[in-house]
Amino acid sequence: MSTFSSSLPSPGDPAQAEVPDYPLKGIPELRLPPRGGFVPDDEDCRRLWDKYDMLDNIRAHSRVVASVATALAQQAADRGLPVHVPSVRASALLHDLAKTYCLRHGGSHAELGAAWVVQETGNLVLAQGVFHHVYWPWPLPVNEAAVLCSLPFFIQYADKRARHDSFVSLESRFEDLLDRYGTTEDHRKGIRASYLQAKAIEEALSRHLGMDLRTLKV
């Protein structure tokens with residue numbers, strides 16, 4: 001297999017790379033939990049893992065994602081940004097809630113998982129993180145700290161730094177994805193687009209959070 005650096009393009013200006021022109025006037029204001037929405041703690045999330053028969057390796061992966069996302073959210077909160085850290089952690093723990101089911105039966109684990117999270121918690125904020133943890137379909141708000149430093153981007157970035165139950169670089173993560181799933185040109189194109197988006201998020205979060213996320217330790 002080609003090395004990762006030669007398989008994917010350099011980021012360039014990835015914030016707008018290969019993003020469809022959606023008629024979205026602005027990103028919804030969904031940083032804080034809605035009234036009536038339940039924010040589950042770690043034990044509540046484990047109960048939901050049990051209920052939906054989550055595989056052990058997916059639980060281990062979810063713990064890594066939650067550790068990374070929580071660290072980012074806490075850094076943002078410490079810098080005065082309006083981030084609800086428990087919501088970020090809960091969404092991260094639940095982001096792959098439907099992965100086991102979809103591995104067995106097919107379907108989109110992001111879409112089904114988001115539906116299950118709404119059903120179980122009534123919390124649209126948590127569901128937003130689950131629904132968008134694979135890819136953000138609109139232009140990235142890279143220059144808007146209070147928008148980019150929010151739950152869906154923390155979840156998505158954390159997921160892209162977790163290869164199974166290990167915390168790795170984006171390059172290592174996407175090299176693994178190319179190796180396992182880059183079986184067609186369409187698949188490789190999707191992986192490249194996802195990598196460019198993840199790099200844009202990494203660079204923007206590093207700037208807004210005042211830390212180089214490439215050297216992050218969790």
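**Exercise 1. Classify Arg-46, then find its partner.**

Step 1. Arg-46 has 34% relative accessibility, so Arg-46 counts as partly exposed. The classes are: buried under 20% relative accessible area, exposed over 50%, partly exposed in between (1.4 Å probe, protein chains only). The model is predicted: local features need pLDDT of at least 70, side-chain atom pairs count only at pLDDT 80 or more, and totals for chains, interfaces and linings use all residues. Residues are numbered from 1 along each chain as its sequence is written, and side-chain values use heavy atoms, with hydrogens and water left out.

Step 2. Glu-43 forms a salt bridge with Arg-46; their closest N and O atoms are 2.9 Å apart. A salt bridge is a side-chain nitrogen of Lys or Arg within 4 Å of a carboxyl oxygen of Asp or Glu.

Step 3. Glu-43 and Arg-46 sit 3 residues apart in helix α2, so about one helical turn separates them. Helices (H or I, at least four residues) and strands (E, at least two) are DSSP runs, numbered from the N terminus.

Step 4. Glu-43 is also partly exposed, at 35% relative accessibility.

**Exercise 2. Compare the accessibility classes of Arg-47 and Asp-44.**

Step 1. The side chains of Arg-47 and Asp-44 meet in a salt bridge, 2.9 Å from N to O.

Step 2. Arg-47 is partly exposed at 48% relative accessibility. Asp-44 is buried at 18%.

Step 3. The two are 3 residues apart in α2, about one helical turn.

**Exercise 3. Describe the buried side and the ends of α2.**

Step 1. Helix α2 spans residues 42–51; its buried residues are Asp-44, Cys-45, Leu-48 and Trp-49. They cover an arc of only 150° around the axis, so they lie on the same side of α2. The arc is that of the directions from the helix axis to the C-beta atoms.

Step 2. These buried residues pack against α3 (56–78), α4 (85–94) and α6 (109–121). Contact means heavy atoms within 4.5 Å.

Step 3. At the N-terminal end, Asp-41 caps α2: a side-chain oxygen lies 3.2 Å from the backbone nitrogen of Glu-43. Just after α2, Asp-53 takes a positive phi of about 55°.

**Exercise 4. Which helices does the salt bridge of Arg-173 and Asp-159 tie together?**

Step 1. The closest N and O atoms of Arg-173 and Asp-159 are 3.9 Å apart.

Step 2. Arg-173 lies in α10 (residues 170–181) and Asp-159 in α9 (residues 151–160), so the pair ties together parts 14 residues apart in sequence.

Step 3. Both Arg-173 and Asp-159 are buried.

Definitions and conventions
A polar contact is a pair of N or O atoms within 3.5 Å; within protein, one must be able to donate a hydrogen and the other to accept it, and residues adjacent in sequence count only if both atoms are side-chain atoms.
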